[in-house]
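Here are my notes on the model you sent round. Have the structure open while you read, and follow the points in order.

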Amino acid sequence: MDDTDAAQTRKARRAHSARQEAETIAALQDPIGRMALRAAYHARRYSVLYVLGVVGLVALLLMPTVGVGSPQGTGPTGAAGAAGAGSTGGAPAPSAGPAGGPAGAATGGAGGGTAAGGPATGASAGPVGAVQVGSGLTRSGVPCRPGVHQLAYSQYAPPCVAKFTGNNGGATYNGVTATTINVALRTCSDAQGANAAAVYAEAEAAGAEPPDKAEAHDKQLIAYLSQVFELYGRHVVTQDYNGQGNCTNESIGTGQSAACADADYAVNTLHAFSDLNPYNGRYESEPFAQCAARYHMYLGFAQLYFPESEYQAEHPYIWAPTPSCTLGGAEEAEFIGKQMAPNPAKWAGTDGGVPLNGLQRKFAVFTPTNPGYQECADTVQKIDEQQYGVSSKRFDRYNYPLDISQWPQDAQAAATQFAADQDTTVVLACDPLIPTFLMRDADNQQYHPEWMLIGVALTDQDNLAQLWDQNEIKGHLFGLSQLGSYAKFQDPNGEAATTLKAAGVPVDQGTILGYYELLPLFVQLQAAGPILTPANIAAGTRSLPRLGGSTAADGTWYYGNTHTAIIDSREIYWDESKTSPDGKQGTYVEIYGGQRFEVGHYPAGAPPFYPS
């Protein structure tokens, strides 16, 4: 074949691929789904991982990819870079003074040091006012009594407290004054690149909000939550800044030097108490979180799904509403050990025409290459082997990088490997977009295994599973769900929608997700009490009761002695024949009446998936 023929062949293949992509996108009725798939195909061509972070609902879905351990690199640079040298960074450790949260009155002076270059921490004169728990009227005028939440209709707001009066300690920490709590809003250096602009345009054409409008709605919601949560005389103010950090690099585990420069700037120039990344789904990457901890800045929404050991190393600064993979992995191991491994495959199809049902289950774990996730995958396998007698020979694994430009070849290679190994059950320990490629390749290879969810990254929500190959998952998709049901999560009259309407924010899938991402920050700020410091956030968070539960939209929240909120899962399966609450075809169905299980309490025996 000469060069001309080869060029024509490549051109024909590209045209065929483009037609396939267009047909796949056109078949989706959900505009958010079309938007996400367009982003995936676009990223495959242009190799920009960060585009996922700018697509409304999909923003939360990326799991960062950095190794376990303390911050790496040569330290922060910028205005006060020298202050970041050494193991403790530029800030003296805050004192572990008593929390002023619901447990009682705060006492003592300023609750901690500030980052180098920050304001002095002298508290206002006079004794700190008492926090009246379960009595009086809340800031929003609701009668407060035991059992009432700060937002009376909310299942996740903390226990109510009477409207605070008196001295709150003044400037208790860097970024805190007697009247304000300063939160920086970081925009990464690559957020306005040509590839991002193309994705924004496609997202808007599909009906999603442009990022600047989404950020404006976040600010509206923050202003409203500042009015109804008890912040002890303070309210949250935000400051935008353009960072040096490259979100593409941070998402794949590099670029920590620039991330540290941004953390340095936020702490020492903007004097921020906390930070959010609205152009990256509000959450901050693990490189930035490590730097924030180095500079002693609190983050309530960072480094999602990493091992609990990493949060412990960064205590008391870094927290997340999503469970650590330490806890999630323990749930997964128990589910496999009690319900899956003792029973032969029941909800599989065939592998090249050979039936998989009836075979002893063999698990193919599909997970990112990140060392933290690898650590947790190893732990799952170890628990199953030691506690439940599941041989390690019954586990295969394919590790893929969180670089969407590589996903087509990785998906094809994984499907080929799993089929060759006759794996009966593919464990989706992955982001929610790569299954679009993986399942298509599996179907092309006539490989139809069981597809097992572990509930991470919104894979348990209807609108994401609607993107996947329905022929491949028909009768084959089931597992764990960390969130509540899609109907509860997207309820137009539910908790999130009620708050958004009160804040004057339109109710849609993206803003509902934003509510559940911003809410934990305000829960922790109230729990900290008048003397606001990261140490008191930790102490107040430890005093919080269980929130949410089986009737709630986001599972059960209980930080306890950990640094992440959701502690349990329900069990679900996919029914493509039923209509979702969003009006589209296909929805997840709960078993066990939607009961949620914590580690140590999962039932034994074959679960009743696909009961008919």
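Which residue's side chain meets that of Arg 186 in a salt bridge? Keep in mind throughout that this is a predicted model.

1. The partner is Glu 250, with N to O at 2.9 Å. The pair links distant parts of the chain: Arg 186 sits in strand 1 (residues 180-187) and Glu 250 in helix 5 (residues 247-251), 64 residues apart. Both Arg 186 and Glu 250 are buried. They also belong to a network of salt bridges that links Arg 186, Glu 250, Asp 262 and Glu 284. The structure holds 14 salt bridges, and two other pairs get their own points below.

2. Next, go to Asp 218, which forms a salt bridge with Arg 282, the closest N and O atoms being 2.8 Å apart. Asp 218 lies in helix 4 (residues 211-228), while Arg 282 is in the loop between strand 3 (274-276) and helix 7 (286-294), so this pair ties together parts that are 64 residues apart in sequence. Are Asp 218 and Arg 282 buried or exposed? Both are buried.

3. Now the sheet around there. It is an open one of 3 strands in the order 2-1-3, with parallel pairing. Strand 2 (235-242) and strand 3 stand at the edges with a single partner strand each, so one side of each has no neighbour in the sheet. From one strand to the next, the twist averages 30°. Strand 1 and strand 2 pair over 8 bridges, in the parallel sense, and Thr 187 has Asn 242 in strand 2 as its bridge partner. Helix 4, the one that carries Asp 218, lies across strand 1, strand 2 and strand 3 and runs at about 155° to strand 2.

4. Strand 10 (residues 477-481) is worth a look too. How many of its residues are buried? The count is 5 of 5, so to speak of it as mostly covered is fair. Strand 9 (residues 450-453) pairs with strand 10 in the parallel sense over 3 bridges, and Leu 453 stands opposite Gly 479. Strand 13 pairs with strand 10 as well, but in the antiparallel sense over 4 bridges; there, Phe 478 stands opposite Tyr 573.

5. Follow strand 13 (residues 570-579) onward and you reach strand 14 (residues 585-590), the two pairing in the antiparallel sense over 5 bridges. One bridge partner in strand 14 is Glu 590, which goes with Ile 572. The hairpin of strand 13 and strand 14 has 5 residues between the strands, and Gly 583 takes a positive phi near 85° in it.

6. Stay with Glu 590 for a moment. Its side chain forms a salt bridge with Arg 570, the closest N and O atoms being 2.9 Å apart. This pair links strand 14 to strand 13, with their positions 20 residues apart in sequence. The two ends have unlike settings: Glu 590 counts as partly exposed because its relative accessibility is 29%, whereas Arg 570 is buried at 2% relative accessible area.

7. Which residues touch the most other members of the largest nonpolar core? They are Phe 229, Phe 366, Leu 428, Trp 468 and Leu 477, in a core of 139 residues. Helix 17 (residues 509-528) gives the most to this core, with 12 residues. For Trp 468, leaving aside neighbours within four places in sequence, the contacts include Leu 428, Leu 453, Leu 477 and Tyr 588. Among the others are Pro 432, Pro 435 and Met 439.

8. Helix 18 (residues 534-542) has 7 of its 9 residues buried, so the rest of the structure largely encloses it. Among those buried residues are Pro 534, Asn 536, Ile 537 and Thr 541. The buried residues of helix 18 pack against helix 17.

9. Last, the overall numbers. The secondary structure comes to 18 helices and 14 strands, and 60% of the 612 residues count as buried. Among contacts between residues at least 6 apart in sequence, 73% join residues at least 24 apart. The protein exposes about 21,000 Å², of which carbon and sulfur atoms supply 52%.

Key:
Residues numbered from 1 in each chain as written. Predicted model: local features only at pLDDT ≥ 70, side-chain atom pairs only at ≥ 80, totals over all residues. Heavy atoms only, no water. Pairing = 2+ DSSP bridges. Core = buried A, V, L, I, M, F, W, Y, C linked by side-chain atoms within 4.5 Å. Buried < 20%, exposed > 50% of the residue type's maximum accessible area, 1.4 Å probe, protein only. Contact = heavy atoms within 4.5 Å. Salt bridge = Lys/Arg side-chain N within 4 Å of Asp/Glu carboxyl O. Areas by Shrake-Rupley, 256 points an atom, 1.4 Å probe, with all protein chains shown as cover. Axes fitted to C-alpha atoms, helices over the stretch in contact; angles between N-to-C directions.
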